[in-house]
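Hello, and thanks for sharing this one. Here are a few notes to read alongside the coordinates.

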Amino acid sequence: MTHQMPELPYAMEALAPKMSKETLEFHYGKHLQTYVDNLNRLIAGTPYENMQLDEIVKKADGGIFNNAAQTWNHTFFFQMLTPNQKPMPQQLADRLARDFGSVEAFKEKFAAAAAGLFGSGWTWLAADKEGKLQIIAESNAGNPMTKGLRPLMTIDVWEHAYYIDYRNRRAEFIKMFWELIDWNKVADRCFPRKYRCTACDYVYDPEKGDPESGIAPGTPFDEIPDNWTCPLCGLYKDAFEMMEE
């Protein structure tokens, strides 16, 4: 299996001025490309060669883990950003309030963890098997999936994520970050919604994904590539409709 660069769900200049086109050209176009290329080179001829990306992250170590996790982390990060932020869904706000006291208390704790992470790494909002939310600070390529947690949101605090736009002002980058989060995607990961094919009644369950088509378990419907087709009847994803809870 050859791992590919993910497509951005927005134009390279769409996040400016909060995140410039130049930052994305380097961060997405060069840094992520390097991780993808290194991963494909390192897994060739190994037991990891035909594994899904999330499976490699959970099982590998050393250089393979570093490049697989950085590929997964960056893909997750870029796909959860949006130039057209909408209000946070109430269900997500209620869950954050339940586990952190309030939405503002969550933001303060998350920002403090991101600002206080020494060196390079990632700060995550993740859920355990019971659905309780946690803030996890991971150095280097760390990913909460290795601890059995489900990632919901992340911020990249490696310097290459913000140095072009903010130089050494990490706190300013974190403040800006809150205005670029697609809260609907975070909510979909926290409360995965199922989608039904309107032609054959096949149900896409995000928790199961579609591994035979390369869609890893835990992938929200919105993040499935547009060229994905229903495993039963072959129609494209625009033939699906969200199921009511």
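1. A term first, since the helix point below leans on it: contact is counted when heavy atoms lie within 4.5 Å. Please also keep in mind that this is a predicted model.

2. With that in hand, look at helix α5, which covers residues 103-116. Helix α5 lies across β1, β2 and β3, and runs at about 150 degrees to β1.

3. Now the sheet itself. Three strands form an open sheet in the order β2-β1-β3, and their pairing is antiparallel. The edges are taken by β2 (133-139) and β3 (150-156); each has a single partner strand, so one side of each has no neighbour in the sheet. On average, neighbouring strands here are turned by 25 degrees against each other, direction ignored.

4. For the pairing in detail, start with β1, residues 121-127. Strand β1 is joined to β2 by 7 bridges, and the two run antiparallel. You can find A127 opposite L133 of β2. As general background, strands of a sheet pair through backbone hydrogen bonds, either parallel or antiparallel.

5. Finally, the cysteines. How many disulfides does the model have? The count is 0, where a disulfide needs two cysteine sulfur atoms within 2.5 Å. The sulfur of C197 has its closest cysteine sulfur in C233, but at 3.6 Å that is too far for a bond. For C200 the closest cysteine sulfur is in C230, and 3.5 Å is again too far for a bond.

6. Are C197 and C200 buried or partly exposed? C197 is buried, at 0% relative accessibility, while C200 is partly exposed, with a relative accessible area of 27%.

Conventions. Residues are numbered from 1 along each chain as its sequence is written. This is a predicted model: local features need pLDDT of at least 70, side-chain atom pairs count only at pLDDT 80 or more; totals for chains, interfaces and linings use all residues. Side-chain values use heavy atoms; hydrogens and water are left out. Buried means under 20% relative accessible area, exposed over 50%, partly exposed in between (1.4 Å probe, protein chains only). Two strands pair if DSSP finds at least two bridges between them. Helices (H or I, at least four residues) and strands (E, at least two) are DSSP runs, numbered from the N terminus. Axes are lines fitted to C-alpha atoms, for helices over the stretch in contact, and angles run from 0 to 180 degrees between N-to-C directions.
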